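Student: Let us go through this two-chain model by question and answer. Please show the sequence and structure before we start.

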Amino acid sequence: MKRGDPFGGPGGEELWDDAEIATLTFNDTITSVTASQSFDLAGLFRNKFIENKYSIFR
Amino acid sequence: MLLSLTFSYSNDKIGKEYGGIGRRGRWDDLNRLELTPGEHIDHITIYEGYRNITNRWREGKLTYVIVGIYFKTDHNQEILYGSTNGIQKKESPKNYFLAYAQGKCGGHIDSLRFTWYKYCLKNSTIIEENNL
């Protein structure tokens with residue numbers, strides 16, 4: 001078993017439930033992953049701002 | 001932007017949805033990555049960055065969250081959830097596959113940590129090793 005370093009930041013309150021993880025055995029595997037997502041407007045603007053900022057110095 | 005994430009496991013005991021906004025009214029509930037028997041996730045790329053999101057512990061400040069996540073399987077299925085507008089970090093330990101994920105969430109996915117099992121070709125079973 002190999003445990004990776006955490007990704008992301010220090011925030012967040014609700015923990016992934018360790019008790020649930022503890023029910024897994026070595027024969028249990030991930031069967032599916034689902035996610036919900038939205039358009040990342042802030043990220044686009046942020047990148048655009050950085051591009052414009054640095055383009056001044058080019 | 002990644003809002004919530006759900007992992008389902010073969011023991012059917014767990015499969016909660018983590019993340020806040022997704023539960024309150026997602027406008028874009030997208031794809032589901034279905035693994036076939038014997039298929040495993042062996043590559044993950046995380047995209048993380050600051051976003052101005054509502055939370056209780058850093059009101060009015062930018063919060064560092066996971067904005068996107070990319071999975072690839074050993075059967076060459078791949079899927080990207082959320083945004084790639086962030087710092088890119090990869091995790092793909094050679095000869096290991098994803099066993100389970102743990103993390104923290106509030107309004108969004110704040111952090112994630114992955115645990116990997118090693119492929120054991122000899123007996124086609126999974127073996128446990130000490131933490132590397």
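Student: Among the elements of chain B, which has the lowest mean pLDDT and which the highest?
Tutor: This is a predicted model, and pLDDT is its confidence per residue. Chain B averages 80, with 70% of the residues scoring at least 70. Among its elements, the lowest mean, 45, belongs to helix H1 (residues 21-25) of chain B, and the highest, 96, to strand S7 (residues 87-91) of chain B.

Student: How many contacts beyond four places in sequence does the model have for residues 22-28 of chain B?
Tutor: Over residues 22-28 of chain B the pLDDT stays under 50. Where pLDDT is low, predicted coordinates should not be read in detail. For this stretch of chain B the model has 13 such contacts.

Student: Which element of chain A has the highest mean pLDDT?
Tutor: Chain A has a mean pLDDT of 71, and 59% of its residues reach 70 or more. Over residues 54-58 of chain A the pLDDT is below 50, and this stretch has zero contacts beyond near neighbours in sequence. Helix H2 (residues 41-55) of chain A has the lowest mean among the elements of the chain, 60, while the highest, 87, is that of strand S4 (residues 30-37) of chain A.

Student: In what order do the elements of chain A run?
Tutor: Chain A has two helices and four strands. Of its 58 residues, 26% count as buried. From the N terminus on, the order is β-β-β-α-β-α.

Student: What pattern does chain B follow along the sequence?
Tutor: Chain B comes to one helix and ten strands. Of its 132 residues, 39% count as buried. Read along the sequence, the pattern is β-β-α-β-β-β-β-β-β-β-β.

Student: In S9(B), which residue is the bridge partner of A:Phe7?
Tutor: Strand S1 (residues 2-3) of chain A runs antiparallel to strand S9 (residues 109-120) of chain B, joined by two bridges, and there A:Lys2 has B:Trp116 as its partner. Strand S2 (residues 7-8) of chain A also pairs with S9(B) in the antiparallel sense, over two bridges. The partner of A:Phe7 in S9(B) is B:Leu112.

Student: Which residue in S9(B) does B:Gln102 stand opposite?
Tutor: B:Gln102 lies in strand S8 of chain B. Strand S8 (residues 96-105) of chain B pairs with S9(B) in the antiparallel sense over nine bridges. Opposite B:Gln102 in S9(B) stands B:Arg113.

Student: Is B:Gln102 buried, partly exposed or exposed?
Tutor: A residue counts as buried if 20 or more other C-beta atoms lie within 10 Å of its own, and as exposed if 12 or fewer do. B:Gln102 has 19 within that distance, so its class is partly exposed.

Student: Which residues have the most contacts inside the largest nonpolar core?
Tutor: This core has 31 residues. S4 of chain A supplies at least two of them, as does each of strands S1, S4, S5, S8 and S9 of chain B. In soluble globular proteins, nonpolar side chains tend to be buried together. The residues with the most contacts inside the core are B:Leu2 and B:Ile66.

Student: Which residues does B:Ile66 touch, not counting residues up to four places away in sequence?
Tutor: B:Ile66 is one of the two residues with the most contacts inside the largest nonpolar core. On the chain A side B:Ile66 touches A:Phe7 and A:Gly8. In chain B its contacts are B:Leu2, B:Ile46, B:Glu48, B:Ile109 and B:Leu112.

Definitions and conventions:
Residues are numbered from 1 along each chain as its sequence is written. Chains are lettered from A and ligands numbered from 1 in the order in which they are written. Two strands pair if DSSP finds at least two bridges between them. pLDDT is the predictor's confidence in each residue, from 0 to 100. Two residues are in contact if their C-beta atoms, placed from the backbone, lie within 7 Å. A nonpolar core is a set of buried Ala, Val, Leu, Ile, Met, Phe, Trp, Tyr and Cys residues joined through C-beta atoms within 7 Å.
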